[in-house]
Amino acid sequence: MTHLYRNKMIYKAIVIVIAFLIAAFSIYYTNQLVKELQNSELRQIDLFAKAQKAIVSPDSHDGLSFLLTEIIETNRTIPVILTDELGTPIAYRNIQVPSHLSKEEKDAFLRKELTSMHDKPAIEVNLGDGWKQYIHYTDSLVLKKLRYYPYIQLSVITIFGILTYLIFSSVRRAEQNRIWVGLAKETAHQLGTPISSLMAWVEVLKSEETLDKSIIEEITKDIQRLQTITSRFSSIGSEPMLSVCNLIEITEKAIEYLRSRISQKVSISLEKPSQPIMVALNASLYEWVIENLCKNAVDAMNGIGKIQISICPNFSRSIAEICVTDTGKGIPSSKFKTIFKAGYTTKKRGWGLGLTLAKRIIEEYHRGKIYVKQSELNAGTTFCIELPLDIHDN
Ligand SMILES: Nc1ncnc2c1ncn2[C@@H]1O[C@H](COP(=O)(O)OP(=O)(O)OP(=O)(O)O)[C@@H](O)[C@H]1O
Ligand SMILES: [Mg+2]
């Protein structure tokens with residue numbers, strides 16, 4: 001079982017467990033709320049029965065005592081403060097008053113609580129002879145819980161959903177990565193054997209006196225090319241080795257190779273400083289990038305036009321800039337980022353892989369940047385690569 005596959009199974013199990021926990025907690029909490037509501041309803045019914053009894057029974061006319069002892073005392077959920085006309089607290093219920101407070105402090109505490117109850121109108125209790133009391137109250141804890149519960153539940157589910165999506169999309173990306181890295185490695189591996197055998201055959205041919213030497217030279221060049229391709233595939237399939245080299249030299253080599261292989265109607269020129277520019281580079285992968293950019297340029301110009309490559313160091317930013325400019329059909333600015341996505345192509349026979357590969361090589365393996373610097377429709381495009389300079393203080 002691979003590392004990635006095992007991780008995916010673990011993530012799946014975690015997600016299922018968390019989803020189960022959320023659901024279980026939700027059900028448990030809802031049940032608790034229902035129970036609390038049930039209890040409070042039961043008390044109300046009980047109160048109702050007692051009120052009926054109080055009205056019917058001839059010897060229990062003491063409305064005030066009934067109000068205080070039954071309604072206020074039996075209420076176990078709604079925070080209530082009973083005050084006189086001047087707003088002085090007389091009694092309270094369901095309010096957590098710290099026990100260590102003195103009488104004055106307790107009074108001040110209750111008055112403060114009273115101010116938070118002002119959003120609900122107080123209930124006036126007329127005790128006769130113009131004597132009144134007021135019942136101040138606020139939402140019970142159950143009501144508060146019920147009010148916020150759907151929002152909390154929704155937020156938890158949303159956060160959980162987003163996290164799950166992020167985890168699985170990153171696993172997916174890693175999976176795709178593995179597929180094409182594995183494919184590249186396997187290709188390199190399979191090419192190795194026939195190439196070695198071809199090399200041996202060339203040695204045999206060299207000993208043939210009658211054979212034209214130029215043919216052998218051409219075959220040798222083709223074998224070298226095959227070796228380069230193999231080394232590219234094997235480099236992309238693992239963390240490639242970088243070595244400090246002169247960027248100008250490598251770029252010249254790539255251009256030289258391209259010149260002989262693209263349409264004669266496309267000219268390639270190189271603008272460069274006289275000093276070498278040293279960067280840490282995997283030469284065969286970098287050449288691949290230049291080739292991809294130039295091939296795209298040739299396609300964009302329909303085989304006729306100019307490609308200008310310029311290399312210049314930017315010491316203040318410690319980078320080398322390589323710009324590839326063509327005189328092709330241009331790219332709309334809305335597509336500057338899209339063109340680097342795998343599978344995006346406007347060509348009949350394109351795979352939409354060239355720029356994805358270039359981006360991976362430059363950004364992941366060389367810690368550089370590649371982007372469209374500017375483009376004008378039907379006039380041309382400039383791609384720019386930035387690579388960190390290798391600067392050593394002597
Ligand atoms: N220099 C350019 N000028 C205009 N459009 C370009 C240029 N370079 C790339 N593009 C656009 O970006 C798209 C993606 O390029 P990319 O190299 O990734 O794939 P492709 O060339 O279509 O196919 P592949 O390289 O896999 O054979 C191209 O199809 C083209 O539309
Ligand atoms: Mg391409």
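The following exercises, each with a worked solution, concern a predicted model. Residues are numbered from 1 along each chain as its sequence is written, and chains are lettered from A and ligands numbered from 1 in the order in which they are written. Local features need pLDDT of at least 70, side-chain atom pairs count only at pLDDT 80 or more, totals for chains, interfaces and linings use all residues, and side-chain values use heavy atoms, with hydrogens and water left out.

**Exercise 1.** Describe the surroundings of ligand 1.

Solution.
1. Collect the shell, taking a residue as near if one of its heavy atoms lies within 4 Å. This gives 18 residues, and the closest are N296, D326, T345, T346 and K347.
2. Sort the shell by class: 8 residues are nonpolar, 8 polar and 2 charged.
3. Assign secondary structure from DSSP runs (helices H or I, at least four residues; strands E, at least two; numbered from the N terminus). At least two shell residues come from each of α7 (283–300), α8 (354–365) and β11 (380–388).
4. List polar contacts (N or O atoms within 3.5 Å). An oxygen atom of ligand 1 lies 2.5 Å from a polar side-chain atom of T345. For G352, a backbone N or O atom lies 3.0 Å from an oxygen atom of the ligand. For L353, a polar backbone atom is 2.8 Å from a ligand oxygen.
5. Compute the cover by the Shrake-Rupley method with a 1.4 Å probe. Ligand 1 on its own has 600 Å² of accessible area, of which the protein covers 90%.

**Exercise 2.** Find the salt bridges that R225 and E287 form, and classify the residues by accessibility.

Solution.
1. Apply the criterion: a side-chain nitrogen of Lys or Arg within 4 Å of a carboxyl oxygen of Asp or Glu. The structure holds 17 such bridges.
2. R225 pairs with E291, with the closest N and O atoms 3.3 Å apart. This pair links distant parts of the chain, since R225 is in helix α5 (residues 213–236) and E291 in helix α7, 66 residues apart.
3. Classify by relative accessible area (buried under 20%, exposed over 50%, partly exposed in between; 1.4 Å probe, protein chains only). R225 is buried at 18%, and E291 is buried at 4%.
4. E287 meets K253 at 3.4 Å, N to O. E287 lies in helix α7 and K253 in helix α6 (residues 247–259), so the bridge ties together parts 34 residues apart in sequence.
5. E287 is buried at 8%, whereas K253 is exposed at 53%.

Note on methods
A polar contact is a pair of N or O atoms within 3.5 Å; within protein, one must be able to donate a hydrogen and the other to accept it, and residues adjacent in sequence count only if both atoms are side-chain atoms. Ala, Val, Leu, Ile, Met, Phe, Trp, Tyr, Cys and Pro count as nonpolar, Asp, Glu, Lys and Arg as charged, and the others, Gly among them, as polar.
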